[in-house]
Amino acid sequence: LWMLIARAVGGTARQVGGGARELDPAHRRDGAGLSSLAAALVIAVGAWADSAGPLGHGLTIALRAMIGSGVMILPVALTVAAWRLLRRPAPEDSPVGRVVIGWIAAAAGVLGILDLAHGDPSRSEARRAAGGLIGVLAGSPRSAAVTSYLAVPLLALVATFGLLVISGTPLHAV
């Protein structure tokens, strides 16, 4: 039933626009795309509307502890990921490690900046509104070492580096 729904959603996504209609069935990632879309919906209802039931509420609390207010953009990122999964073939020679490192760097930079923008909170309730645990781990050591005024541009550089790694753009091309 899941894969039937996934094929229907994937087929609909491939019909919108051009370039994805002739995607070989062996290269389709409809199940992963539907999973990403379902996660985006649950997180969006939990984070934005605070009405996702006990499972969504627990997931939202756990995500807020980890990434703080970054949970507000997570549904958008998961929807974009679902769109890519449904419309593009699985890359055969994709360096997965490179992309993972890029996402970690981008998330650490942004969440560290959120943490420092909220005054590097020490209480867990305040951390949930800032950058979460990841933001504390990324922002606090830099702030203690070089002050917040220098840590924010350094974290912005880390986030930019992460985006360059994700996109596969060499530095000399910028």
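The following legends describe an overview and several close-up views of a predicted model.

**Figure 1. Overall fold of the predicted model, an arrangement of eight helices.** Zero strands are present, and the order of elements from the N terminus is α-α-α-α-α-α-α-α. Along the principal axes, the C-alpha atoms occupy a box of roughly 55 × 50 × 25 Å. The protein comprises 174 residues, of which 31% are buried. Of the contacts between residues at least 6 apart in sequence, 72% connect residues at least 24 apart.

**Figure 2. Confidence of the prediction by element, with helices H1 and H8 as the two extremes of mean pLDDT.** For the protein, the mean pLDDT is 85, and 90% of the residues have a value of 70 or more. Helix H1, spanning residues 2-15, has the lowest mean among the elements, at 78. Helix H8, spanning residues 148-167, has the highest, at 92. Where pLDDT is low, predicted coordinates should not be read in detail.

**Figure 3. Close-up of the largest nonpolar core, formed by six residues.** Its members are Ile43, Ala47, Leu63, Ile67, Val71 and Leu111. Two elements, helix H2 (30-49) and helix H3 (53-67), each contribute two or more residues to this core. A separate core of five residues includes Leu116, Ala138, Ala151 and Leu155. In soluble globular proteins, nonpolar side chains tend to be buried together.

**Figure 4. Surroundings of Leu63, a member of the largest nonpolar core.** With neighbours within four places in sequence left aside, the contacts of Leu63 are Ile43, Gly68, Val71 and Leu74. Of these partners, Ile43 and Val71 also belong to the largest nonpolar core.

**Figure 5. Surroundings of Thr60, a residue of helix H3.** Thr60 is classed as buried because its relative accessibility is 9%, below the cut-off of 20%. When residues up to four places away in sequence are not counted, Thr60 is in contact with Gly46 and Ala47. Ala47 is itself part of the largest nonpolar core.

**Figure 6. Close-up of the largest pocket, with a volume of about 1000 Å³.** The lining consists of 31 residues, and those closest to the pocket centre are Ala77, Ala81, Val99, Trp103 and Ile166. Helix H4 (74-87), helix H5 (96-117) and helix H8 each supply two or more lining residues. The greatest contribution comes from H5, which provides 10 residues. By residue class, the lining contains 25 nonpolar, two polar and four charged residues.

Conventions:
Residues are numbered from 1 along each chain as its sequence is written. This is a predicted model: local features need pLDDT of at least 70, side-chain atom pairs count only at pLDDT 80 or more; totals for chains, interfaces and linings use all residues. Side-chain values use heavy atoms; hydrogens and water are left out. A nonpolar core is a set of buried Ala, Val, Leu, Ile, Met, Phe, Trp, Tyr and Cys residues joined through side-chain atoms within 4.5 Å. Buried means under 20% relative accessible area, exposed over 50%, partly exposed in between (1.4 Å probe, protein chains only). Helices (H or I, at least four residues) and strands (E, at least two) are DSSP runs, numbered from the N terminus. Contact means heavy atoms within 4.5 Å. pLDDT is the predictor's confidence in each residue, from 0 to 100. On a 1 Å grid over the protein atoms alone, a cavity is a set of points where a 1.4 Å probe fits but cannot get out, and a pocket is an open set with protein on both sides within 12 Å along at least five of seven lines; lining residues have an atom within 4 Å of a point. Grid points are joined across faces, edges and corners, and a volume is the space filled by probe spheres set on the points. Ala, Val, Leu, Ile, Met, Phe, Trp, Tyr, Cys and Pro count as nonpolar, Asp, Glu, Lys and Arg as charged, and the others, Gly among them, as polar.
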